[in-house]
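Here are a few exercises to help you find your way around. Try each one yourself before reading the solution.

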Amino acid sequence: MKKFVQLPGAALAVGAFVLTVLLGVGGTAASALWQQSATATMSVTANGTWPGQLICSSALNSDKYVNLAYTLSGAPTGLALAAKKADGTYGPASAVTPVDPTGTIQLSGTSTVLTQSNGMSVVSVRLTASYADHSTMIAETTVRLDAGTSNGKIYCS
């Protein structure tokens with residue numbers, strides 16, 4: 001080995017060999033030995049979906065009221081009802097009391113929550129349930145109003 005080191009250019013040859021192995025033919029095989037693999041699992045739950053039912057039904061034959069019956073899978077800390085305005089945004093929400101997992105909200109064509117939807121014939125009504133973990137769940141239904149009349153009639157869509 002002493003004779004090899006004393007040869008002119010031996011150090012350069014050894015350096016070129018090492019560089020060739022690291023970057024060339026042996027480089028791919030060497031780097032493949034360092035690859036690792038692992039598997040991970042993840043479960044996703046969509047937030048914002050309604051955890052129950054919201055059903056609209058007529059309350060009287062005179063079409064002056066509709067009932068919005070709701071059933072939740074958990075106990076909410078708050079309930080609020082809002083109606084969509086003509087510009088596509090929702091008006092101020094009205095608190096629903098009592099706050100129970102099941103109940104019925106009675107709406108008339110002249111209900112306060114619908115006043116900002118004046119002149120619209122089909123109105124989206126949104127019920128929002130709030131929970132102790134700060135999550136909120138939303139359900140929507142539509143009601144029809146006799147727009148342009150003063151009869152105050154309301155129907156389920």
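**Exercise 1.** Which residue in S8 is the bridge partner of Leu 145?

Solution. Keep in mind that you're looking at a predicted model. Start with strand S7, which covers residues 136-145, and then go to strand S8, residues 154-156. These two strands run antiparallel and are joined by three bridges. Now look across from Leu 145: its bridge partner in S8 is Ile 154.

**Exercise 2.** Work out how S7 is joined to S6, and what sits in the turn.

Solution. First find S6, at residues 122-130. S6 pairs with S7 in the antiparallel sense, over nine bridges. As one spot to check, Val 125 lies opposite Thr 141 of S7. Next, follow the chain from one strand to the other: the two make a hairpin, with five residues in between. In that turn you'll meet His 134, whose phi is positive, at about 70 degrees.

**Exercise 3.** Put the strands of the open sheet in order and say which stand at the edges.

Solution. Five strands make up this sheet, and the order is S4-S3-S6-S7-S8, with antiparallel pairing. S4 and S8 each have a single partner strand, so one side of each has no neighbour in the sheet, and these are the edges.

**Exercise 4.** Sort the side chains of S7 by the face they point to.

Solution. Walk along the strand and you'll see the side chains alternate. On one face you get Met 137, Ala 139, Thr 141, Val 143 and Leu 145, and these are buried. Thr 136, Ile 138, Glu 140, Thr 142 and Arg 144 point to the other face and are not buried.

**Exercise 5.** Is Ser 108 buried or exposed, and what does Ser 108 touch?

Solution. Look for Ser 108 in strand S5, residues 102-108. Its relative accessibility is 13%. Buried means under 20%, so Ser 108 counts as buried. Skipping residues up to four places away in sequence, Ser 108 touches Lys 64, Tyr 65, Leu 114 and Ile 154. You've already met Ile 154, as the partner of Leu 145.

**Exercise 6.** Is Ala 93 buried or exposed?

Solution. Ala 93 belongs to the loop between S3 (78-83) and S4 (94-95). With 54% relative accessibility, Ala 93 counts as exposed, since the cut-off is over 50%. Beyond neighbours within four places in sequence, Ala 93 contacts Ala 80, Leu 81 and Ala 82.

Definitions and conventions:
Residues are numbered from 1 along each chain as its sequence is written. This is a predicted model: local features need pLDDT of at least 70, side-chain atom pairs count only at pLDDT 80 or more; totals for chains, interfaces and linings use all residues. Side-chain values use heavy atoms; hydrogens and water are left out. Buried means under 20% relative accessible area, exposed over 50%, partly exposed in between (1.4 Å probe, protein chains only). Helices (H or I, at least four residues) and strands (E, at least two) are DSSP runs, numbered from the N terminus. Two strands pair if DSSP finds at least two bridges between them. Contact means heavy atoms within 4.5 Å.
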